[in-house]
Amino acid sequence: SSANFAASKNVGDHGYQADVSKQELVSTLDTVTQYYRQQLKTSEKAIEYLKQRGLSGKTAAHFGIGYAPSGWNNLEAIFSSYESDDTRGLLLKAGLIVTSEDGKQYDRFRNRIMFPILGLKGQIIGFGGRTVNHGEPKYLNSPETPLFEKGREIYNFFSARRAIREANSVVVVEGYMDVIALWQHGIENVVATLGTATTAFHLQKLLRQTDHIVFCFDGDKAGRKAAWRALENGLPLISDGKYLSFLFLPEGDDPDSYVRQCGKTAF
């Protein structure tokens, strides 16, 4: 049960202060990831959603996908001192809770499929959460924290580095599900920016791993706008032997829908 995780990390007993270390944040996010993964196993609604999106259990496990249940204070199940000042400071710093004007606290992620985001050393630094029904916003990322800076992080970069080097190319897509669908279909040199435009910092990071970046955005107006931004940010960084390419899918398609419909070879 979810309470089992509390035994391994009873935060309240450690006397954390608001100025917590990065290691404490990493440990907290790791504990919460395990909790979300357990919750996914028991949520028929979340499992059904992932099946509808064509994901296998192996793929969900590879990406550490979990589920944040409905309800305002589910994290209380793993942090017994959820409302103490020390734990509140820790969870706020980790981007896991929100406090209201009247001082109440509640979980940031509720009724969402949870995608852990890994940092350069493979540690969990934040989450992306996708609503299971039609709630807004559709995607919600962790806020900026001492571990997580959206304009610098790239989803799946840590796991894809070897595949990127082997292919000497990287495919940059817009969403988590695009990365995951392509990986499941055998295309592993894929990353995504985290709900932000492609920055010069993202591009520098990628160009250190490969000579060839292929941008594959959705086949709509927003996708073309994102491609233009990527081109503007990328041109100053291009030198001899480095390439930027753009793959435009048919209007109405994204990499996820296209690869599921047409397969790896066509993509």
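These legends describe close-up views of a predicted model.

**View 1. Strand E8 is covered on both faces.**
Strand E8 spans residues 170–173. Side chains in a regular strand alternate between the two faces of the sheet. In E8, Val 170 and Val 172 lie on one side. Val 171 and Val 173 lie on the other. All four of these valines are buried.

**View 2. Strand E8 pairs with strand E10.**
E10 covers residues 212–217. The two strands run parallel, and three bridges join them. Look for Val 170 in E8: its bridge partner in E10 is Ile 213.

**View 3. Strand E8 also pairs with strand E9.**
E9 is made of residues 190–193. Here too the pairing with E8 is parallel, over three bridges. Val 172 of E8 stands opposite Val 191 of E9. Now add helix H7, residues 176–184. Together, E8, H7 and E9 make a β-α-β unit, and this unit is right-handed.

**View 4. Val 214 sits in strand E10 and meets several residues.**
Is Val 214 buried or exposed? Its relative accessibility is 15%, so Val 214 counts as buried, the cut-off being under 20%. Leaving out residues up to four places away in sequence, Val 214 touches Val 170, Val 171 and Val 172. Ser 245 and Leu 247 are also among its contacts. Take Ser 245 as an example: Val 214 and Ser 245 are 31 residues apart along the chain. Their C-alpha atoms are separated by 4.6 Å.

**View 5. Glu 153 and Lys 205 form a salt bridge.**
The model has six salt bridges by the rule used here. In this one, the closest N and O atoms are 3.8 Å apart. Glu 153 lies in the loop between strand E6 (139–141) and strand E7 (154–155), and Lys 205 lies in helix H8 (residues 200–207), so the pair ties together parts that are 52 residues apart in sequence. Both Glu 153 and Lys 205 are buried.

**View 6. Lys 242 and Asp 211 form a salt bridge between two loops.**
The closest N and O atoms of this pair are 2.9 Å apart. Lys 242 is in the loop between helix H9 (221–234) and strand E11 (243–248). Asp 211 is in the loop between H8 and E10. The two residues are 31 residues apart, and the pair links distant parts of the chain. Asp 211 has a relative accessibility of 30%, so Asp 211 counts as partly exposed.

**View 7. Asp 256 and Arg 260 form a salt bridge within helix H10.**
Their closest N and O atoms are 3.0 Å apart. H10 runs over residues 255–266. Asp 256 and Arg 260 are four residues apart in this helix, so about one helical turn separates them. How do their surroundings compare? Asp 256 is buried, with a relative accessible area of 2%. Arg 260 is partly exposed, with a relative accessible area of 36%.

**View 8. Asp 256 belongs to a network of salt bridges.**
Which residues are linked in the network? They are Arg 53, Asp 256 and Arg 260. Asp 256 also touches other parts of the chain. Not counting residues up to four places away in sequence, its contacts are Arg 53, Met 177, Asp 178 and Ala 181.

Conventions: Residues are numbered from 1 along each chain as its sequence is written. This is a predicted model: local features need pLDDT of at least 70, side-chain atom pairs count only at pLDDT 80 or more; totals for chains, interfaces and linings use all residues. Side-chain values use heavy atoms; hydrogens and water are left out. Buried means under 20% relative accessible area, exposed over 50%, partly exposed in between (1.4 Å probe, protein chains only). Two strands pair if DSSP finds at least two bridges between them. A crossover is right-handed if, with the strands pointing away from the viewer, the path from the first strand over the helix to the second runs clockwise. A salt bridge is a side-chain nitrogen of Lys or Arg within 4 Å of a carboxyl oxygen of Asp or Glu. Contact means heavy atoms within 4.5 Å.
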